Each structure stands twice: as C-alpha cells, then as structure tokens.
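Please open the structure in your viewer and keep the selection tool at hand. The tour below proceeds stop by stop, stating what to select and what is found there.

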Amino acid sequence: MKNLDDVTGKRQFGKNLAIYWSVQVLVILSGFVIPRQISDHLGAVDLGTWDLGWAAYRYLSLTGIGAVGVTRYIAMYRAGESISAQSRVFTVAILIQTLVAILVLSSSILLSIYVAKSGFGDFDKTAVSTLILLFSTAICFRFLGEPARGVITGYHRFDLHHLIGASQDFLLALGLLAALSFGAELVHLGYIVVLSAMLTSLVRFFFMRKVAPTIRFDVSEWSIKEARKLFRFGAKSLANSS
C-alpha cells in the first residue's frame with residue numbers, strides 16, 4: 001500500500017520554493033512602501049525612530065532559535081514515529097521560549113524607563129520609550145509562537161509556514177497604510193505591530209493543531225537534556241547564518 005504521509009517533504013519541495021520566493025518579493029515591496037508613507041505622513045524624524053525599532057524587531061524575529069531546533073527534532077522523531085518524543089520537544093521549546101520572552105520583556109521595561117528619563121539623542125524620548133515596549137511585546141509574541149512554527153516546518157509544511165508569514169506581512173502592511181491614511185501617530189503603528197504578532201502566533205498554534213493533532217503540551221515532559229539539544233542546535237544554526 002502506498003504511504004501517503006511524506007515524512008521527507010520531497011513532494012512539496014517545488015511548491016514550498018515558489019511560495020518562499022513569493023513571500024520574499026512581498027516583504028521587499030512592503031519595505032519600500034511603508035517607510036515612504038511614514039515619511040510623508042509623520043516626517044523624517046518619526047521615520048528615523050520607526051526604522052530603528054523596526055530593524056531591531058525584524059532582526060530578532062528572524063533569529064529563530066526557538067524554531068530551528070524544534071523543526072530538526074520534530075522531523076527526526078516523526079520519522080521514527082515517536083509521538084511522546086515530539087510532545088517532549090514541543091513542551092521544552094514552549095517553556096524555553098516563555099522564559100526568553102520574560103527576560104526580553106523585563107529588559108525592555110528597564111530600557112524604556114531609562115530612555116524615558118535620559119532621552120535618546122535627538123529623538124522624541126516618549127515615542128522611543130513607548131516603541132521599545134511595543135516592539136518588545138511583539139517580539140515576545142513571536143517568540144511564543146516559534147515552537148508551533150517549528151512543528152509546522154518539522155512536518156514539512158513549509159507551504160503553510162510561508163503562507164502564514166505572507167498573510168501576516170500583507171495584512172500588517174495594509175493595517176499600517178490604513179492607519180496612516182486616518183492620521184495615526186507612530187505609537188498607534190506600534191500597537192498594530194503588536195496585534196499582528198499576537199494574531200500570527202495564534203494562527204500558527206491553530207494550524208499546528210491541524211497538522212499535528214497528537215502533539216501535546218505537558219509540563220511533566222520537561223527535560224534538561226532535550227533543552228540543551230534544542231539550544232545548542234539553535235545557537236549553532238544562528239551562528240552559521242550570521
């Protein structure tokens with residue numbers, strides 16, 4: 001009997017590649033449009049403030065330490081048909097990413113307080129300190145959604161992963177443009193980024209449940225050994241891509 005469950009992902013390679021490059025084109029186009037609109041509506045100073053926060057947000061969002069390790073070990077344990085091992089990887093990743101999110105948010109609160117008191121060059125210190133909090137919150141939501149992303153890609157559903165990313169980028173760009181046309185300030189754009197990050201993570205978890213309904217979160221599955229494996233592989237992948 002023919003095995004319809006392709007654990008290697010070879011059948012979807014062409015479609016995954018096409019969707020990936022389509023997403024990249026969308027990201028590049030939005031990168032040209034949004035800054036121009038911010039400059040036209042809010043001015044060059046606010047554009048500089050936005051670019052600073054946006055660059056940090058995008059860079060940290062792409063690090064993916066919490067996803068690449070999950071992808072590797074989910075794929076490996078899936079090939080071995082070990083559901084309990086997959087659940088263990090997912091649980092460990094969720095707990096690690098929660099800790100990372102808490103640390104990032106705590107650090108951003110301290111940095112925001114410092115900027116609010118001391119200022120940040122020629123930038124509006126109130127806007128900068130608020131954007132630090134908003135972008136950090138958005139990053140935390142992204143971090144929390146990384147394990148679900150890792151499961152989706154571990155099941156070789158890169159098409160789904162890229163479609164989620166493309167939808168997020170398109171809707172975020174649309175939301176920012178609409179807000180600017182209605183006279184939104186820089187801080188309002190930050191709230192839209194937070195909302196986008198939160199909804200994207202929720203969507204990832206929703207589709208993860210569709211793709212891998214047998215994977216469960218269970219705190220009792222916590223494993224120091226698994227945590228070390230995930231962190232080492234993720235850190236190594238990040239170092240190699242830098």
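A residue is called buried when its relative accessible area is under 20%, exposed when it is over 50%, and partly exposed in between. The model shown here is predicted.

**The whole chain**

Begin with the entire chain in a cartoon display. The chain contains eight helices and zero strands, so that, by the DSSP assignment used, the order of elements from the N terminus reads α-α-α-α-α-α-α-α. Of the 242 residues, 42% are buried.

**First stop: the salt bridge after helix α5**

Select Arg157 and Asp159. Their side chains meet in a salt bridge, with N and O 3.0 Å apart. Which of the two partners is buried, and which is partly exposed? Asp159 is buried, because its relative accessible area of 5% is under 20%. Arg157, in contrast, is partly exposed, with a relative accessible area of 28%.

Now select His156. This residue belongs to the loop between α5 and α6, the latter covering residues 158-181. The phi angle of His156 is near 65°, a positive value in a residue other than glycine. Most residues other than glycine have a negative phi. With 13% relative accessibility, His156 counts as buried.

**Second stop: a pair within helix α5**

Move to helix α5, which spans residues 125-154, and select Glu146 and Arg149. A salt bridge joins these two side chains, at 2.8 Å from N to O. How far apart are Arg149 and Glu146 in helix α5? They are three residues apart, and are therefore separated by about one helical turn. Both partners fall under the 20% limit and so count as buried: the relative accessible area is 17% for Arg149 and 4% for Glu146.

**Third stop: a link between helices α4 and α8**

Select Arg88 and Glu226. These residues form a salt bridge in which the closest N and O atoms are 2.9 Å apart. The pair connects distant parts of the chain, since Arg88 lies in helix α4 and Glu226 in helix α8 (residues 224-241), 138 residues apart. Arg88 is partly exposed, with a relative accessible area of 22%, whereas Glu226 is buried, with a value of 3%.

Add Lys229 to the selection. Arg88, Glu226 and Lys229 are linked in a network of salt bridges. For the chain, the count of salt bridges comes to five.

**Fourth stop: a nonpolar patch on the surface**

Change to a surface display and select Leu105, Ile109, Ile113 and Leu133. Together these residues form a nonpolar patch on the surface, with about 290 Å² of accessible area. Which helix gives the largest share of the nonpolar patch? Helix α4 (residues 83-118) does, with three residues.

Leu105 is located in helix α4. At 31% relative accessibility, Leu105 counts as partly exposed. Membership of a patch requires over 30% relative accessible area, and Leu105 therefore passes that cut-off.

**Fifth stop: the second largest pocket**

Rolling a probe the size of a water molecule over the atoms shows where empty space is left. The second largest pocket holds about 350 Å³ of space. It is lined by 18 residues, and those closest to its centre are Gly53, Ala56, Leu111, Ile132 and Ser136; select these five to find the place. The elements that contribute two or more residues to the lining are α2 (44-61), α4 and α5 (125-154). What is the division of the lining into nonpolar, polar and charged residues? There are 13 nonpolar residues, five polar ones and no charged ones.

**Last stop: two distances between C-alpha atoms**

Select Met76, which is placed in helix α3 (residues 65-79). Met76 is partly exposed, with a relative accessible area of 40%. Then add Gln86 and draw a distance between the C-alpha atoms: the two residues are 10 apart along the chain, and these atoms are separated by 8.9 Å.

Finally, select Lys117 in helix α4. At 69% relative accessibility, Lys117 counts as exposed, because this value is over 50%. From Lys117 to Ser129 the separation is 12 residues in sequence and 9.3 Å in space, C-alpha to C-alpha.

Methods: Residues numbered from 1 in each chain as written. Predicted model: local features only at pLDDT ≥ 70, side-chain atom pairs only at ≥ 80, totals over all residues. Heavy atoms only, no water. Patch = residues over 30% accessible without salt bridge, like charges linked within 9 Å, V, L, I, M, F, W, Y side chains within 5 Å. Areas by Shrake-Rupley, 256 points an atom, 1.4 Å probe, with all protein chains shown as cover. Salt bridge = Lys/Arg side-chain N within 4 Å of Asp/Glu carboxyl O. Helix = DSSP H or I, 4+ residues; strand = E, 2+ residues; numbered from the N terminus. Buried < 20%, exposed > 50% of the residue type's maximum accessible area, 1.4 Å probe, protein only. 1 Å grid on protein atoms, 1.4 Å probe; cavity = no way out; pocket = protein on both sides within 12 Å on 5 of 7 lines; lining within 4 Å. Points joined across faces, edges and corners; volume = space filled by probe spheres on them. Nonpolar A, V, L, I, M, F, W, Y, C, P; charged D, E, K, R; others polar.
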